[in-house]
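Subject: Structure for you to look at

Hello,

Here is the structure I said I would pass on. Please open it first, then read the notes below with it on your screen.

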Amino acid sequence: MKHCLLVVDDEPDVCDSVHDLLRREFRVLKAHGAEEGLRTLREQEVHIIMTDQRMPSITGVDFLTRAQARMPQAIRMLYTGFADLESIIAAINHGHIYQFLRKPWQPEELLDAVRSAAAEYDRLVAVEEDRHRLKQELETLNRRVSCLESQIERLGGTLPPPPPPEPEGSAG
């Protein structure tokens, strides 16, 4: 399965060039503004979101913050040709952005950055799957312990106290 990348830019040529460069490895969706991008996020499962910082109605940082609320698991990337460093640093520090790119980028640089974002998405999905599995195992063990405690009570017994810890340095 290909990872799905949403590129949001008010310049159609940028969306087209990203699409043309990445379409062999990724499913690339294009949005020519923030509202179209948010609509796409409601309709599609997106793994990576990449947007320009400077758009007419909203900044890329603001768009990614809104996108994070809609699709928190998606990896978010920001690019710009301008040095709006304060808002970019704030966004990175608040966890809204995984990676920042400068325009113009070299094709290989962009491809490497998106591959890295896809690997990060896969890593986060695996961590979440492990967390879910461990939570289920813990719930199962808790039910088994409760069941065993109930059986002991029905038999009229009590649980013995745990053995005292072995003194340090003693070999048994």
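I start with a single residue, Glu-11, which sits in the loop that joins E1 to H1. Is Glu-11 buried or exposed? Neither word quite fits: with a relative accessibility of 38%, Glu-11 counts as partly exposed. Along the chain, Glu-11 and Met-55 are 44 residues apart, yet 8.8 Å separates their C-alpha atoms.

Another loop residue can be read in the same manner. Arg-24 belongs to the loop between H1 and E2, and its relative accessibility of 65% makes it count as exposed. From Arg-24 to Lys-2 there are 22 residues in sequence and 9.1 Å in space, C-alpha to C-alpha.

Please keep in mind that this is a predicted model.

The overall layout

The protein has five helices and five strands. Going along the sequence, they come in the pattern β-α-β-α-β-α-β-α-β-α. The protein has 172 residues, and 34% of them count as buried. About 11000 Å² of surface is exposed, with 54% of it supplied by carbon and sulfur atoms. Take the contacts with a separation of 6 or more: 59% of them are between residues 24 or more positions apart.

The cores

In soluble globular proteins, nonpolar side chains tend to be buried together. In this model, the largest nonpolar core holds 22 residues, and the ones that touch the most other members are Val-18, Leu-22, Ile-48, Met-50 and Val-114. Which elements supply at least two residues each to this core? They are strands E1 (3-8), E2 (26-31), E3 (48-52) and E4 (75-80), together with helices H1 (12-22) and H5 (107-154). H5 gives the most, with seven residues.

Val-114 is a good residue to click on. Leaving aside neighbours within four places in sequence, Val-114 is in contact with Leu-5, Leu-22, Phe-26, Ile-48, Met-50 and Met-77. Apart from this core lies another one of 21 residues, including Phe-63, Met-71, Ala-74 and Leu-78.

Helix H5

H5 has 48 residues, and at 1.5 Å a residue it should span 70 Å. The C-alpha atoms at its ends are 71 Å apart, which agrees. Which residues of H5 are buried? They are Leu-110, Leu-111, Ala-113, Val-114, Ala-117, Ala-118, Glu-120 and Tyr-121. Their cover includes E1, H1, E2, E3, E4 and strand E5 (99-102). Just after H5 comes Gly-156, which takes a positive phi of about 80°.

Strand E4

How many of the residues of E4 are buried? Six of its six residues are, and the strand is mostly covered. Ile-75, Met-77 and Tyr-79 point one way from E4, while Arg-76, Leu-78 and Thr-80 point the other way. E4 pairs with E3 in the parallel sense, over five bridges. Within this region, Thr-51 stands opposite Leu-78 of E4.

Thr-80 is found in E4 as well. Its relative accessible area is 0%, and because buried means under 20%, Thr-80 counts as buried. Not counting residues up to four places away in sequence, Thr-80 touches Asp-52, Gln-53, Arg-54, Ile-88, Phe-100, Leu-101, Arg-102 and Lys-103.

The aromatic pair

A pair of aromatic rings is described by the distance of the centres and the angle of the planes. A search of the whole structure finds one such pair. Tyr-79 and Trp-105 form it: the arrangement is edge-to-face, with 4.9 Å centre to centre and 85° between the planes. The pair links distant parts of the chain, since Tyr-79 is in strand E4 and Trp-105 is in the loop between E5 and H5, 26 residues apart. Both Tyr-79 and Trp-105 are buried.

That loop between E5 and H5 also holds Pro-104. The peptide bond that leads from Lys-103 to Pro-104 is cis, with omega near -10°.

Regards

Key: Residues are numbered from 1 along each chain as its sequence is written. Side-chain values use heavy atoms; hydrogens and water are left out. Helices (H or I, at least four residues) and strands (E, at least two) are DSSP runs, numbered from the N terminus. Buried means under 20% relative accessible area, exposed over 50%, partly exposed in between (1.4 Å probe, protein chains only). Contact means heavy atoms within 4.5 Å. Accessible areas come from the Shrake-Rupley method with a 1.4 Å probe; for residues, only the protein chains shown count as cover. A nonpolar core is a set of buried Ala, Val, Leu, Ile, Met, Phe, Trp, Tyr and Cys residues joined through side-chain atoms within 4.5 Å. The expected span of a helix is 1.5 Å times one less than its number of residues. Rings of Phe, Tyr and Trp (its six-membered ring) pair if their centres lie within 6.5 Å; planes under 30 degrees apart count as stacked, over 60 as edge-to-face and the rest as tilted. Two strands pair if DSSP finds at least two bridges between them.
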